[in-house]
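Hi,

Here is the structure I promised to pass on. Have a look through it first, and then read my notes underneath.

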Amino acid sequence: MTARPRPALRARWAVRAAAVGCAAALIVPLQGLTATADPLDDARERVEALQMEAAALDQDYAAAQERLEQAKQRLASKEEDLSRQQDEVEEMRDDISRIALAQYQGRHVVDPTTRLLLSPESDTFLSRFATVEKVNQNQNAALQSFQTEQANLEDLRRATEAEVAEIRTSESDMSAAREASQQKVAEAEAELQRLTEEERRRIAEQERAEAEAAREAAEAAAADSGDDTDGSDDEGGDDTSTRSERASRDGSRDDSDDDSGSSSSGSSASGSSSSGGSSSSGSGKAADAVAFAKAQIGKPYSYGATGPGSYDCSGLTGAAWRSAGVSLPRTSQGQYGVGRSVSKSELQPGDLVFYYGGISHVGIYVGGGQIVHASRPGKPVGYASLNSMPFAGAKRVG
């Protein structure tokens, strides 16, 4: 049976699909307002819109995966608590059983007042009676504690059942998001197959030309700032060549399950900003994050991946900042919720840049009006123009 997403998830998908669809015309730079648009541009827009919808669904998958992992961790903790509580309640039950038996056996004992009147040693009896009363108080306290702990046990059982239900829901959401994403990819592939081989070749050439232009702009910005985050040998530069090599090594050690659900403080990156975005390489943690992202260029986009061999969009930005010692939430939506908002004109290398309604895509700004991102299925990690997609906001996180 095919898993169905929750109604709220379906509604979010519908809104996001509409937003991506309406923004599709912005993906490819306009060639002027002409009476007749190039049919090939229209085809490319449709294909890229479908591919970006698939990538957006990947973020829903990642969010459901994060909820699943968190629910599993909570369940494991609650199961341990439940086991300890069950042992404690059973031990107390044995004590209560002995207390109940003692109370039953003592029902035929002579009334304490009568015993006091008849006793020749009233002082000794009063001392013993006080001891018995103390025992009775302790027994009552034990009974009350047992009732409390038994209620706690029932609460833990209900909490455990709730975590199991959350796990099932998250697994269903993951399955639904995966299925929907695959459908979008298949639709995009069908669009491409309707084109001629020559048209597909032209689209591929356009994409390569845009990627090359973005790379050259980013490298020119790095050169202007005396930076070399691509690892080329530049004698007058700083230690960013070494930084890029270290970032590449860090990427090979990246663990896809590391710090997936933690968040970052919103401290501001150092360095001055300039109108239209800074062309400097950033400094400190931001420079390390940029170096890491650049070192991943050419690695494939992969569904729900956080490295080291492949990435989705938020997997790349999370890994880049994690290499600099800053932990980010797992998804683009989660990452949009941390840090300090900055405008386009204030952008500095290392800032996170978000796109589309619903915040379904994120890249890392690297200077020169360019980002590095893991864009969509079928396209490797690479450069892109800051304005190549509908801008939704930017955050400074480290």
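Below is what turned up, starting with the charged side chains and ending with the backbone.

One thing to keep in mind throughout: this is a predicted model.

**Salt bridges**

Side chains of opposite charge can pair when their charged atoms come close. Here the count of such salt bridges comes to 20. A few of them are worth finding on your screen.

Start in helix α2, which covers residues 39–105. Arg84 pairs there with Asp81, and their closest N and O atoms are 2.3 Å apart. The two are 3 residues apart in the helix, so about one helical turn separates them. Asp81 is partly exposed, because its relative accessibility is 27% and the partly exposed range runs from 20% to 50%.

Helix α5 (residues 197–224) has a pair with a similar theme. Glu205 and Arg201 form a salt bridge with an N to O distance of 2.2 Å. They sit 4 residues apart, which again means a separation of about one helical turn. Both ends are partly exposed: Glu205 has a relative accessibility of 36%, and Arg201 has 37%.

Now for a pair that is set up another way. Arg330 and Asp312 meet in a salt bridge at 2.9 Å, N to O. Arg330 is in the loop between α8 (313–323) and α9 (332–336), while Asp312 is in the loop between α7 (284–295) and α8, so this pair ties together parts that are 18 residues apart in sequence. Are these two buried or exposed? Arg330 is buried, with 7% relative accessibility, and Asp312 is buried as well, at 0%.

There is also a network to look at. Arg44, Glu48, Glu207, Glu210 and Arg376 are joined into one by salt bridges that share partners.

**A patch of negative charge**

Back on helix α2, find Asp94. Together with Asp87, Glu88 and Glu91, Asp94 makes up a patch of negative charge on the surface. Asp94 itself is partly exposed, its relative accessible area being 44%.

**A buried glutamine**

Next, go to strand β4 (residues 370–373), where you will find Gln370. With a relative accessibility of 8%, Gln370 is buried, because anything under 20% counts that way. What does its side chain contact? A polar atom of the Gln370 side chain lies 3.3 Å from the backbone oxygen of Gly368. The Gln370 side chain also reaches the backbone nitrogen of Ser385, at 3.4 Å.

**Backbone oddities**

Most residues other than glycine have a negative phi, and most peptide bonds are trans. With that in mind, three places are worth a look.

- Gly307 and Pro308 are joined by a cis peptide bond, with omega at about 0°. Pro308 lies in the loop between α7 and α8.
- Tyr356 is not a glycine, yet its phi is positive, near 70°. Tyr356 sits in the loop between β2 (352–355) and β3 (361–367) and is buried, with a relative accessible area of 4%.
- Ile359 also has a positive phi, about 50°, without being a glycine. Ile359 belongs to the loop between β2 and β3, and it is buried too, with a relative accessible area of 12%.

That is the tour for now. Shout if you can't find any of these spots.

Cheers

Terms used. Residues numbered from 1 in each chain as written. Predicted model: local features only at pLDDT ≥ 70, side-chain atom pairs only at ≥ 80, totals over all residues. Heavy atoms only, no water. Patch = residues over 30% accessible without salt bridge, like charges linked within 9 Å, V, L, I, M, F, W, Y side chains within 5 Å. Areas by Shrake-Rupley, 256 points an atom, 1.4 Å probe, with all protein chains shown as cover. Salt bridge = Lys/Arg side-chain N within 4 Å of Asp/Glu carboxyl O. Lys, Arg positive; Asp, Glu negative; His and termini not counted. Charge placed at Lys NZ, Arg CZ, Asp CG, Glu CD. Buried < 20%, exposed > 50% of the residue type's maximum accessible area, 1.4 Å probe, protein only. Polar contact = N/O pair within 3.5 Å; in protein donor to acceptor, adjacent residues only side chain to side chain.
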